[in-house]
Amino acid sequence: MTIARRQLLAAAAAWPLACAPCGARPQAAQVAAASADTLRFVFSRPFDNPRTQWLIRVYTHLVEELGKRFVYIDVPPMRATAMVLTGEADGELGRTFDYQTLFPALVRVPEPNNVVRFAAYATRPGLRFEGWPAVRARGLRCEYRHGISELREMLSRELAAGEYSHVQTIDQGLQKLRLERTDLYFDVEEAVADFLFFLSDAERRASGLAALHQAGVVRSTTGHAYLRGAHAALAPPLAAGLARLKRQGTVKRYLEESLAAYKRGLEGARK
């Protein structure tokens, strides 16, 4: 399905987690105009991604506690921030801590959604990431997944143009490791963990990734929701509510349910 700009209403109470293999999407509605009782959010991941479903559920809960209606607008990742800056959306569900330095007009919700770790992966036995000087000295071939701006900036800063490349998907990155076309593959730790978690037993055997291992963590930060400046006053109550849901175990439960629902959908689609 072509990703059109559409609004997806997420109701936190009794709302089945939707994903491509699990069933139909919530019905699209007309794009809402800005209103005092509605907060419209975008995200850099697809709607069907279980991490998107998790954050939709968390922030529907939080926004409704503030007496407002949560609306999710599904757009291509590159459009997400632009829509917040122009007022077409009111916030983003998740970006890294330093994202505000790139877009100072955005307001970061101070309580993090999660820890974000950027990691290196390898299939060569014993290969570890031991710092960029060692990577350069050994001439290791590096690769990252397109669209991860933090990794693009890191590799372009540390390596010459011919010493790194990018792929479009995690599967491509891991298979190039297996085929020894690259030495180190860089990605977000949770994204690689999800990819491996969702493989069937047959896919896991066919992947040839038995030797895959995490070669090291290159950076650790946190992921946060961001609001446009007009909603700056909502950042503290959203942060307080998020911290409370974490203490209660609700955020963790929502994530576990989202991942489990997605995996069930994949297993059902394979039958």
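Begin by selecting Arg270, which lies in helix 10, where helices (H or I, at least four residues) and strands (E, at least two) are DSSP runs numbered from the N terminus. The model on your screen is a predicted one, in which local features need pLDDT of at least 70 and side-chain atom pairs count only at pLDDT 80 or more, while totals for chains, interfaces and linings use all residues. Residues are numbered from 1 along each chain as its sequence is written, and side-chain values use heavy atoms, with hydrogens and water left out.

**Stop 1: Arg270**

At 37% relative accessibility, Arg270 counts as partly exposed; buried means under 20% relative accessible area, exposed over 50%, and partly exposed in between, with a 1.4 Å probe and protein chains only. Now show Phe198, Leu199, Ser200 and Glu203, which are in contact with Arg270 when its neighbours within four places in sequence are left aside, contact meaning heavy atoms within 4.5 Å. Ser200 is 70 residues from Arg270 along the chain, yet their C-alpha atoms are separated by 9.0 Å.

**Stop 2: the whole chain**

Zoom out to the full chain, which has 10 helices and 11 strands. Of its 271 residues, 49% count as buried. Among the contacts with a separation of 6 or more, 74% are made by residues 24 or more positions apart. The chain exposes about 12800 Å², of which carbon and sulfur atoms supply 55%; such areas come from the Shrake-Rupley method with a 1.4 Å probe, and for residues only the protein chains shown count as cover.

**Stop 3: helix 1 and helix 10**

Select helix 1 (50-65) and helix 10 (250-270) together. How do their axes cross? The two axes come within 8 Å and cross at roughly 145°, where axes are lines fitted to C-alpha atoms, for helices over the stretch in contact, and angles run from 0 to 180 degrees between N-to-C directions. On the helix 1 side, the residues to display are Pro50, Arg51, Gln53, Trp54, Arg57, Val58 and His61, and those they meet in helix 10 include Thr250, Tyr254, Leu255 and Tyr262. By class, this contact has eight nonpolar, four polar and four charged residues, with Ala, Val, Leu, Ile, Met, Phe, Trp, Tyr, Cys and Pro counted as nonpolar, Asp, Glu, Lys and Arg as charged, and the others, Gly among them, as polar.

**Stop 4: helix 7 and Arg117**

Move to helix 7 (residues 189-197), where Glu190, Ala191, Val192 and Asp194 are buried. The buried residues of helix 7 pack against helix 1, strand 7 (114-122), strand 8 (142-145), helix 6, strand 10 and helix 10. Keep Ala191 selected and add Arg117: these residues are 74 apart along the chain, and their C-alpha atoms are separated by 9.9 Å. Arg117 has its place in strand 7 and is partly exposed, with a relative accessible area of 31%. Not counting residues up to four places away in sequence, Arg117 touches Asp187, Val188, Glu189, Gln214, Val217, Arg219 and Ser220.

**Stop 5: strand 5 and its partners**

Why can strand 5 (residues 91-96) be called largely enclosed by the rest of the structure? It is described that way because six of its six residues are buried. Strand 3 (residues 38-42) runs parallel to strand 5 and is joined to it by two bridges; two strands pair if DSSP finds at least two bridges between them. Strand 5 also pairs with strand 11 (residues 213-228), in the antiparallel sense and over four bridges. Select Gly91 to see both pairings, for it is the bridge partner of Phe41 and stands opposite Leu227 in strand 11.

**Stop 6: Thr221 and Tyr99**

Stay in strand 11 and pick Thr221, which is buried, with a relative accessible area of 10%. Leaving out residues up to four places away in sequence, Thr221 touches Thr96, Phe97, Val115, Val116 and Phe118. Next select Tyr99 in helix 3 (residues 99-102), which counts as buried at 8% relative accessibility. Beyond its neighbours within four places in sequence, Tyr99 is in contact with Thr81, Glu92, Leu106 and Tyr226.

**Stop 7: Glu180**

Finish at the loop between helix 6 (170-178) and strand 10 (184-188), where Glu180 is found. Is Glu180 buried or exposed? Glu180 is exposed, with a relative accessible area of 61%. Check its backbone as well, for Glu180 has a positive phi of about 65° although it is not a glycine.
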